[in-house]
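Thank you all for coming; I would like to walk you slowly through one structure today. Please have a look at the sequence and the model first.

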Amino acid sequence: MSETFLDLTDATVRSVSVSEMSNNIYLVTSKIDGSQLLIDAADDVASIDGLFSSASSDSEAAPTLAGIATTHQHWDHIRALHEYVERTGTVTYAGVDDVEGIAAGATVDITVPLKHGDFIAVGSVALECVHLRGHTPGSMAYVLRDSGGTTVIFSGDSLFPGGVGNTQGDPQRFTSLLDDVSSRLFDKYPGDSLVLPGHGSTTTLVSERPSLEEWRIRGW
């Protein structure tokens, strides 16, 4: 399982894909102060440990785990959450409408339930929380706007290369998700924003924008 690495001005982003579901786990490290945010403790504690080991020199300051943010409640994104919270006692973040699902699926009480427009502080770095309704009721994307000009969108299972997340054939949920992705991501952030999804490869908003109407017509 190979790691990937993104070197920004304010932060580094490391990721690893784990499990039979090829879940992407991300680790954001603030370069100035060493604060770290883990995004989706999906599975495979050893691989998560490896991310932290790889990031140990990403800041001149000693690394400190500031929290774990979960993009949504589905089981494949939370299988290592309980163990990591038990081990570290760290703060946990997730969309308010997915808190009960995470408690049921991972036996973890979310410390900070999030609403649209909230921010997560990771030392000197802040990630904006974007509520994308449809894949799950409380799905959140987390957006890092680096001072060097790069915007990174951790989209969970709400936006992928080639389409939005699965809404189980429900037209209302699909329309809700596509509307939110269109207005809250494509209409707000720069076209060259990197989209780092919960599974699969990185893309950009500008790469996906021409397909928005096609997705709406096909209904998934």
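I will talk about two helices, then two backbone angles, and finally a pocket.

Before that, please keep in mind that this is a predicted model, in which local features need pLDDT of at least 70 and side-chain atom pairs count only at pLDDT 80 or more, while totals for chains, interfaces and linings use all residues. Residues are numbered from 1 along each chain as its sequence is written, and side-chain values use heavy atoms, with hydrogens and water left out.

Let us begin with helix α1, which spans residues 45-54; helices here are DSSP runs of H or I with at least four residues, strands are runs of E with at least two, and both are numbered from the N terminus. Which residues of α1 are buried? They are Val45, Ser47, Ile48, Leu51 and Phe52, where buried means under 20% relative accessible area, exposed over 50%, and partly exposed in between, with a 1.4 Å probe and protein chains only. These residues lie on the same side of α1, because they cover an arc of only 165° around the axis, the arc being that of the directions from the helix axis to the C-beta atoms. On the face turned away from that buried side, α1 carries the exposed residues Ala46 and Ser53. The buried residues of α1 pack against β1, β2, β3, β4, β5 and α2, contact meaning heavy atoms within 4.5 Å.

Helix α2, at residues 81-88, has Leu81, Tyr84 and Val85 buried. Their arc is only 100° around the axis, which puts them on the same side of α2. As a general reminder, an α-helix has 3.6 residues a turn, so residues three or four places apart point the same way. Among the elements covering the buried residues of α2 are α1, β5, β6 and α3.

Now to the backbone. Most residues other than glycine have a negative phi. Asp40, however, is not a glycine and has a positive phi of about 65°; Asp40 sits in the loop between β4 and α1, and is buried, at a relative accessible area of 2%. Thr107 also has a positive phi, near 55°, and lies in the loop between α3 and β7, but Thr107 counts as exposed, at 60% relative accessibility.

Last, for the largest pocket, I will name only the strands: those giving two or more residues to its lining are β1, β2, β3 and β14, and β2 gives the most, with five residues. A pocket here is an open set of points on a 1 Å grid over the protein atoms alone, where a 1.4 Å probe fits, with protein on both sides within 12 Å along at least five of seven lines, and lining residues have an atom within 4 Å of a point.
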